[in-house]
Amino acid sequence: MLRWLRILSLMLCLGITTTQAKDLAVVYEPSKTYDAIRQSLQSSESFQELISALNESLKLPKGLKIVFNGKEDEDAAYDPDAKQIIVSYAFVNEIKDLYTDNKADIEGTPTEAAIDVMIYILIHEIAHALIHNYDLPIVGKEEDAADSLSSVILSEYFENGQEVVLTAADFFDLISADRKEFTEEDFWDEHSLDEQRFYNALCHVYGSDPKKYAEIKKLAGFPTERAELCIEEYAKLVDSWSVLLKPYSK
């Protein structure tokens with residue numbers, strides 16, 4: 001579960017004041033097939049805390065919505081024309097089934113793990129919305145930048161947020177395990193390879209708190225030099241996003 005962490009000091013540092021504004025709306029379209037998933041999302045304390053935190057801390061693009069629907073052929077994506085982040089219940093269910101089928105070593109249920117992954121993915125899509133609507137300068141791949149915002153927001157502003165990032169890393173690891181061979185399409189894709197996203201997420205978590213997550217260095221096989229770079233890179237990510245988002249903090 002996400003919990004508020006250092007929220008008062010964060011607000012003082014960024015000049016944030018609490019408001020009742022509901023900039024980011026969430027729409028749960030009905031779906032008989034995925035009604036259990038819909039109910040889990042609506043009742044998730046972690047998910048609701050995330051939405052409240054984003055609304056209270058950031059000036060999000062006007063009219064931005066997260067729309068959950070019952071379509072089978074969609075996953076999660078930001079639609080810049082509609083200013084909507086579209087998420088399919090089927091995609092959330094696929095993530096849940098992935099954890100169930102692989103008997104992944106996770107805390108909580110596969111449904112809770114799927115919601116944690118969705119929290120990571122939704123911040124990723126919100127990053128796209130911020131970049132596109134505010135013309136934020138991004139050097140490098142936008143998809144990598146969006147991943148990094150997920151890691152920073154979760155690691156810096158939520159208690160146990162790093163655990164959510166680690167759950168997302170597990171997701172990237174699980175889906176990469178299904179790949180039998182690489183194709184040209186894998187290398188042309190705007191996203192980094194799932195294997196790379198797995199290691200990047202681990203690097204971010206380790207860099208955010210090297211003492212607490214010292215075991216990651218060993219388990220992931222990070223060389224000492226790379227582990228030290230993870231610390232430096234994470235600190236730069238925090239500074240960079242702080243500068244980019246300062247004009248849009250409440």
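**Exercise 1. Find the backbone oxygen that the side chain of lysine 250 reaches, and describe where this lysine sits.**

Start with the contact: the lysine 250 side chain comes to 2.5 Å from the backbone oxygen of asparagine 55. That fits the rule for a polar contact (a pair of N or O atoms within 3.5 Å; within protein, one must be able to donate a hydrogen and the other to accept it, and residues adjacent in sequence count only if both atoms are side-chain atoms).

Next, place the residue: lysine 250 is in the segment after helix H11 (224–245). Helices here are DSSP runs of H or I with at least four residues, strands are E runs of at least two, and both are numbered from the N terminus.

Last, check the cover: lysine 250 has 15% relative accessibility, so it counts as buried. The classes are buried under 20% relative accessible area, exposed over 50% and partly exposed in between (1.4 Å probe, protein chains only).

A quick word on the model: it's predicted, so local features need pLDDT of at least 70 and side-chain atom pairs pLDDT 80 or more, while totals for chains, interfaces and linings use all residues. Residues are numbered from 1 along each chain as its sequence is written, and side-chain values use heavy atoms, with hydrogens and water left out.

**Exercise 2. Work through the salt bridge between aspartate 35 and arginine 38.**

First the rule: a side-chain nitrogen of Lys or Arg must lie within 4 Å of a carboxyl oxygen of Asp or Glu. The count comes to 5 salt bridges.

Now the pair: N to O is 2.5 Å for aspartate 35 and arginine 38. Both belong to helix H2 (residues 35–43), 3 residues apart, or about one turn of the helix.

Then the exposure: aspartate 35 is partly exposed at 26%, whereas arginine 38 is buried at 18%.

**Exercise 3. How far apart are the closest N and O atoms of glutamate 74 and lysine 71?**

Look at the bridge: those atoms are 3.9 Å apart. As for exposure, glutamate 74 is partly exposed at 29%, and lysine 71 is partly exposed too, with 47%.

**Exercise 4. Do the same for arginine 226 and glutamate 233.**

This salt bridge has its closest N and O atoms 3.2 Å apart. Arginine 226 has a relative accessible area of 28%, so it's partly exposed; glutamate 233, at 33%, is also partly exposed.

**Exercise 5. Where is aspartate 75, and is it buried or partly exposed?**

Aspartate 75 sits in the loop between strand E3 (65–69) and strand E4 (76–79). With a relative accessible area of 41%, it's partly exposed.
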